[in-house]
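This briefing is for a reader who is meeting the structure for the first time. Please look over the sequence and the model before reading the points.

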Amino acid sequence: MRTLLLPLTILLSLVVHTASATETRIFTDDAGRQVEVPVQAERVISQNDNRLTLPLLELGVPIVGSAGRLAGNGTPFLRTVPDLLGISLANSDIEFLGTYNDLDYEKIAGLKPDLIFTQRDEFVEPLSRIAPTLYIDPNNYPVKDGMKKLADAAGRMDEYERLLENYENKLTTVQNHFPKEQDITVSVSFSFPAGETLYAYTDLGALTVALDDLGLNLPQPILDEEKRSFSVSPEQIQLIDGDFIINFYGNEASAGPEEVRAGLEKFLPNWCAQLHACENDQMIFFPYAAFGYSFSALELNLDLLTTHIAGRQFTPMP
Amino acid sequence: MTIQKFGEVGRLGLMAVVISLFFALHISIGAKAIPLSDVFTALIARDETVFDHIVVWNLRMPRALIAMVVGAALAVSGALMQGLTRNPLADPGLLGLLAGASFAVVVGFGIWGSAIVPIMPLVAAGGALAASALVFWIASSAPGGARPLTLILAGAAITAFLGAIIAAVQLLDQDNFDQLRVWLTGTINGNRMSYMMWCLPWLLVGFLVSFAVARQITSLAMGDEVAIGLGVNVAQVKILSLIAVVALTASAVTLSGPLGFIGLVIPHAVRLFVGTDYRFVVPYSALVGAAYLLFVDIVARIALAPIEISTGLVTSLLGAPFFVWLVRAKL
Amino acid sequence: MKPDIIVRTPSQKLALRLPVRALWVLLGMMIALLFIIGLSLMLGSYPLSASQVLDILWQRPADETGTTIVWEFRFPRVLVSIMVGALLGLSGATLQNITRNPLADPSLVGVSQGAGFAVVALTVLMPELGYYYRPLYAFGGALVVAIIIQWISAGRTGSSTMRFILTGVGVAAFISAGTSALLTYGDINRATAALGWLAGSVHASNWQDVWLTSACLFALLPILMWASRPMAAMRMGPDTATGLGVNVSIARWGLIMLSVALAAFAVAAVGPLGFVGLVAPHVTRRLTHSGVGVHLLITAAIGGLLVAVADLFGRTAFAPVQIPAGLVTAIIGVPLFVWLIMRQQARTEL
């Protein structure tokens, strides 16, 4: 499949290069709408920081405005973008457009965009009054496919090819550090310091793809679940057990690895003793940026997984 | 009012049997399927290394205990409020106390984060007190004074107002709000046991004061004049009852979030069996409230298993029709 | 005392007694509405001067972005706000007249919650049905709730006003619990979409919404004016109304249906906006005393004004962060409601 696609995308990127900025073409979005978009967009708006702004910026798309979130003290920020790309609202010209569920349409119109990305179908109608709007929900695609879709939509296929090649080179190097024949299970979980809920993931964007590329598997009980993520009752905490368990820190400044651990203690007193991975010190805390949806997040996950798992003595789960 | 010794013992025995039955049922079911025999083994021969025993002892027992305590606390505070306001429709939820307490907790959590836990009952009490003061002030400023309708409308107004502000916070700070989303619908969770030690003094004060003022509430329920005629210090009883109501409601909210209608339903049910003497209404409300919330929590866990519905939704779904029936029957 | 103007149709079937003061108030409200429309067209994250707005409105060559913002966003948005406010105001006024209770409001007695539940249920459980049928579900949900409340509260002897409201409060609590269950346990993305709508937001209103809400308003308004006579009779109590030749039970049901329809279409368009139906008729009553017909017209204007102001505040106060109009109306409406509870006159049978 790839051998077929590669020449095709190269051909496409050549077309992109020769086209001038005002030319348009037809792109089909996730809802099957045929949208007339600029061949290479120059003023782009994004409705979701973590799922759209991050990958688009990485592809070199000029983002003029992005929705984001508010920190507890009211300052706006873009989730995972500064951590992975070093770009923030403060150090760039990206305008804050409100929270990702309630956009300030007038501010968007004032920025005179030529292309808008949203991952919420119901926002397409109001946004398309301003500029061509594409509904693409990256959650529906594995990261590499989603990046390709976005690159195609924004006319940045050459940059996509470069990023993909970098990643694949890195992957081939790193893959050698993992034992070939051993079947290692790694589960992915998330919890807050408050310790009210614990989530398990069957699909968590870049991390899931990196695990897959390295030949690491999710534990069977989790693979059996259909939802992308589900909340786990403390009584069933052993569902998430595996050779290794990954959890996250840094969702907010006050949520360090220690606080997340303490939260799990509230969730289930003496939780660590119930999990093989934790009891054998095979529970790992990743930075929240690993949640990102981009090649940089993929590479970060490759590095983290290699550092923590490859070439290490560990007690396999019985 | 004399109650036959045998009848009293019989009733207490019945309650003890009902509560033990619900308790046993409560700890036998849950997200993880544990055979009854294992639950029994866990109870008689506890082994800290067996996870099933930990589930029974550290998750289900605390949850059952919290359900009982919260059910008793809300039922007693409902009984006191009904007697004190001579209003058959009084309830900590309907009169805005639960909304005030939860709002205070949400705000406190937003500002101080997890550091708020030790003073959470205090913060909740502040919210409940402020909300109840506001509701009573509004209702008693209305022409005709604090009647059932004005009290409930004032309660509804305060609840709507605080609800709108919470909704705004929720829209603005989605990421962090997720962790409070389930709690705000009222949920019983064994891991809140760690909060119990902070709530215990409040609960003790609340229950003791309630039992102490029960006799005077009976006279008060017949009208302030009657009570004064019987030598009751009306102002003192009212203040003490308010302290009890606020302390009990705040502890309940801290432990489980807002659980509506328990304070309304239970005292009415209790009065059907023990009459209007609050010396009986108050303690029986505590017992029946404990049994009722155990029952509701069982329903919440098996109705849509393996999904656990939050308990507050079940108390509302069961309690609201009762409220409607009460309106139809009593007014 | 100024003379009243009396308008009659030749057959004398319809007669409107128009007190002059009330007409002045109505005129004042119309001017206020024009003023708020003008203000809404100018203010926002992309500020425009009055002359720029005029240029855009007269289609003189102007700033293209300004044209998009005014024509595609601000204009439909302020018009939808006004229509929805008018619908809710009329619904509340009708409800208050039939129940003879000044505290009746579609959001207090469960009608809005019924409409909201129906829409949330369909958004979360059957998203493939699309948003276009919203008015239909909303109307269905609201109607079912209204019938239930009416059925429960009207069963017994004696006046049922207080029972009606309290039953509404109980039913509203029940339905809200159901809605919360859907939001908490439904698919998170669909729940988020439903949550935004539930907060009561006119953010994305377009011309289609304008046509839809105004069609509802202008279809129901004449019926309402026609019904103002039985409504005036109902306001004097069921016995008087019967004496005046009104079939009380038919009039009551008809008017409740009308009130439900008004609220349901408003809720369908923008989500439940609380307290507008409560506040608007009261403000009207404080401004002037008039017959039911003019009272309804002024109420509609005030309802519209209220929502338009709430939305203007919500979208500009913390821009670019947007506060849904429904939250603003609740935050403005509740203190007014409280004041009403404290001020309500003894003449109502509470």
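The points below cover the chain contacts, the domains of chain A, one helix of chain B and the nonpolar core.

The model is predicted. Chain C touches chain B through 36 residues from each of the two chains, and chain C also touches chain A, with 18 residues from chain C and 20 residues from chain A. The domain assignment of chain A gives two domains, 2-167 and 183-309. The largest nonpolar core has 330 residues.

**Contact between chains C and B**

- The contact takes 36 residues from chain C and 36 residues from chain B.
- On the chain C side, two elements give two or more residues: helix H6 (161-185) and helix H14 (325-343).
- H6(C) provides the largest share of that side, with 15 residues.
- Sorted by class, the side of chain C that touches chain B holds 26 nonpolar, 8 polar and 2 charged residues.

**Contact between chains C and A**

- Here 18 residues come from chain C and 20 residues from chain A.
- Helix H3 (64-99) and helix H7 (188-198) of chain C each supply at least two residues of the chain C side.
- H3(C) gives the most to this side, with 5 residues.
- The side of chain C that touches chain A has 8 nonpolar, 9 polar and 1 charged residues.

**Domains of chain A**

- Domain 1 of chain A covers residues 2-167, and domain 2 of chain A covers residues 183-309.
- Taken over C-alpha atoms, the centres of the two domains are 28 Å apart.
- The contact between the domains takes 17 residues from domain 1 of chain A and 16 residues from domain 2 of chain A.
- On the domain 1 side, at least two residues each come from helix H2 (49-58), helix H3 (81-85), helix H6 (143-154) and helix H7 (157-175) of chain A.
- H2(A) gives the most to that side, with 5 residues.
- By class, the side of domain 1 of chain A that touches domain 2 of chain A has 10 nonpolar, 3 polar and 4 charged residues.

**An annotated stretch of chain A**

- An unreviewed UniProt entry annotates residues 150-177 of chain A as "coiled-coil region".
- In the model this span is 86% helix and 0% strand, and its end C-alpha atoms lie 32 Å apart.

**Helix H11 of chain B**

- Helix H11 of chain B runs over residues 262-274 and has 13 residues.
- From first C-alpha to last, H11(B) reaches 18 Å, close to the 18 Å expected at 1.5 Å a residue.
- Buried residues of H11(B) include B:Ile262, B:Leu264, B:Ile266, B:Pro267, B:His268 and B:Val270.
- The buried residues of H11(B) pack against three helices of chain B: H3 (51-85), H12 (278-302) and H13 (311-330).
- Just after H11(B), B:Gly275 takes a positive phi of about 80 degrees.

**The largest nonpolar core**

- Of the 330 residues in this core, B:Val70, C:Leu87 and C:Ala264 touch the most other members.
- H3(B) contributes the largest share of the core, 19 residues.
- The core also draws at least three residues from each of domain 1 and domain 2 of chain A.
- Leaving out residues up to four places away in sequence, B:Val70 touches B:Ile188, B:Ala252, B:Leu255, B:Ser256, B:Leu259 and B:Leu293.

Definitions and conventions: Residues numbered from 1 in each chain as written. Chains lettered and ligands numbered in written order. Predicted model: local features only at pLDDT ≥ 70, side-chain atom pairs only at ≥ 80, totals over all residues. Contact = placed C-beta atoms within 7 Å. Helix = DSSP H or I, 4+ residues; strand = E, 2+ residues; numbered from the N terminus. Nonpolar A, V, L, I, M, F, W, Y, C, P; charged D, E, K, R; others polar. Expected span 1.5 Å × (residues − 1). Buried ≥ 20, exposed ≤ 12 C-beta atoms within 10 Å, placed from the backbone. Domains from an automatic or database assignment. UniProt positions renumbered as here; feature names shortened; annotations may be inferred. Core = buried A, V, L, I, M, F, W, Y, C linked by C-beta atoms within 7 Å.
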